[in-house]
Amino acid sequence: PVNVIANRLAEHVRINELEQVVVIRDALGAAVKERVPIYTSCGQEVSDEHQGLASLYGEGEDQEPIEFVNITTLDETVASLYLPRVDLIKIDIEGGELACLQGAESVLRRFRPMLVVEVQAFSARQAGWDVSELFQYLHGLGYEFFTIGPRGRLTGLELEALADFQNVFCQVRDALSE
């Protein structure tokens with residue numbers, strides 16, 4: 001949702017004539033909200049080349065937002081685009097992962113997409129949740145968890161084995177045997 005990044009993405013979409021790509025400048029969360037502050041990071045070191053570390057969760061009350069954004073849900077976005085199917089969702093939103101997934105419950109139940117979610121204990125704590133909550137939420141929707149190894153090899157992942165931050169592949173249990 002950060003304008004400088006969205007502008008760069010829109011320019012690449014235009015240059016490459018990617019007519020099937022729609023740039024939506026909203027943040028994703030559990031509920032629709034307007035004019036929410038977004039910060040340079042959620043307590044992480046940020047350099048100019050890593051502007052993508054922007055987060056809805058700042059470092060403290062005295063941190064100035066870089067801008068204000070609107071939040072929508074993934075359920076609202078998918079419905080507004082009339083998507084006939086959703087196969088894969090990749091989420092890496094600096095502490096907003098759980099809220100995004102909570103705002104995608106209808107999509108998750110209807111389409112049962114595969115997920116690749118960056119799970120980072122530090123940014124989760126900054127946002128006020130624990131990574132176990134994300135695992136519990138998705139497990140309740142039938143998901144199992146895997147690490148992504150060399151050559152895309154999937155290995156089962158238990159919460160206790162989760163690294164401080166890593167991408168977690170999630171797939172609905174019975175989809176594994178299909």
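A residue is called buried when its relative accessible area is under 20%, exposed when it is over 50%, and partly exposed in between. With that scale in hand, select Glu105 in this predicted model: its relative accessibility is 29%, so Glu105 counts as partly exposed.

**Helix H4 and the loop after it**

Keep Glu105 selected and add Arg109, whose side chain meets that of Glu105 in a salt bridge, with N and O 2.8 Å apart. Both residues belong to helix H4, where they are separated by four residues, about one turn of the helix. Arg109 has a relative accessibility of 52%, and because the limit for exposed is over 50%, Arg109 falls in that class. Moving on from helix H4 (105-111), you reach the loop that leads to strand S5 (114-120), and in this loop lies Arg112. Its backbone deserves a look, since phi of Arg112 is near 50 degrees, a positive value in a residue other than glycine. Arg112 is partly exposed, at 33% relative accessibility.

**The other salt bridges**

Side chains of opposite charge can pair when their charged atoms come close. The structure holds three salt bridges, and the next one to select is that of Glu11 with Arg14, where the closest N and O atoms are 2.6 Å apart. This pair lies within helix H1, its two members three residues apart, which is about one turn of the helix. Glu11 is partly exposed, with a relative accessible area of 34%, whereas Arg14 counts as exposed at 54%. Then go to Arg85 and Asp87, which form a salt bridge with their closest N and O atoms 2.7 Å apart; here Arg85 is exposed at 56%, and Asp87 is partly exposed at 40%.

**The open sheet**

Now show strands S1, S2 and S3, which make up an open sheet of three strands in the order S1-S3-S2, with mixed pairing. S1 and strand S2 (33-38) are the edge strands, each of them pairing on one side only. Between S1 and strand S3 (residues 67-72), which run parallel, there are two bridges; to find one of the contacts, select Ala27, whose bridge partner in S3 is Ile71. On strand S2, select Arg35, which has a positive phi of about 50 degrees although it is not a glycine, and which counts as exposed at 57% relative accessibility.

**A nonpolar patch and the largest pocket**

Next, select Val22 in the loop between helix H1 (3-15) and strand S1 (27-28). Val22 is exposed, with a relative accessible area of 54%, and together with Ile24, Leu81 and Leu83 it forms a nonpolar patch on the surface, with about 300 Å² of accessible area in total. Ile24 also leads to the largest pocket, which is lined by 38 residues, those nearest its centre being Pro1, Ile24, Asp26, Leu28 and Ile93. Two or more residues of this lining come from each of H1, S1, helix H2 (74-81) and strand S4 (88-91). The space in the largest pocket amounts to about 1,200 Å³.

**A last stop in helix H6**

Is Leu138, in helix H6 (residues 131-140), buried or exposed? At 0% relative accessibility, Leu138 counts as buried, because that value is under 20%. Add Leu101 to the selection to end the tour: Leu138 and Leu101 are 37 residues apart in sequence, and their C-alpha atoms are 8.3 Å apart in space.

How values were computed:
Residues are numbered from 1 along each chain as its sequence is written. This is a predicted model: local features need pLDDT of at least 70, side-chain atom pairs count only at pLDDT 80 or more; totals for chains, interfaces and linings use all residues. Side-chain values use heavy atoms; hydrogens and water are left out. Patches are made of residues with over 30% relative accessible area and no salt bridge: like charges are joined within 9 Å, nonpolar side chains (Val, Leu, Ile, Met, Phe, Trp, Tyr) within 5 Å. Accessible areas come from the Shrake-Rupley method with a 1.4 Å probe; for residues, only the protein chains shown count as cover. A salt bridge is a side-chain nitrogen of Lys or Arg within 4 Å of a carboxyl oxygen of Asp or Glu. Buried means under 20% relative accessible area, exposed over 50%, partly exposed in between (1.4 Å probe, protein chains only). Two strands pair if DSSP finds at least two bridges between them. On a 1 Å grid over the protein atoms alone, a cavity is a set of points where a 1.4 Å probe fits but cannot get out, and a pocket is an open set with protein on both sides within 12 Å along at least five of seven lines; lining residues have an atom within 4 Å of a point. Grid points are joined across faces, edges and corners, and a volume is the space filled by probe spheres set on the points.
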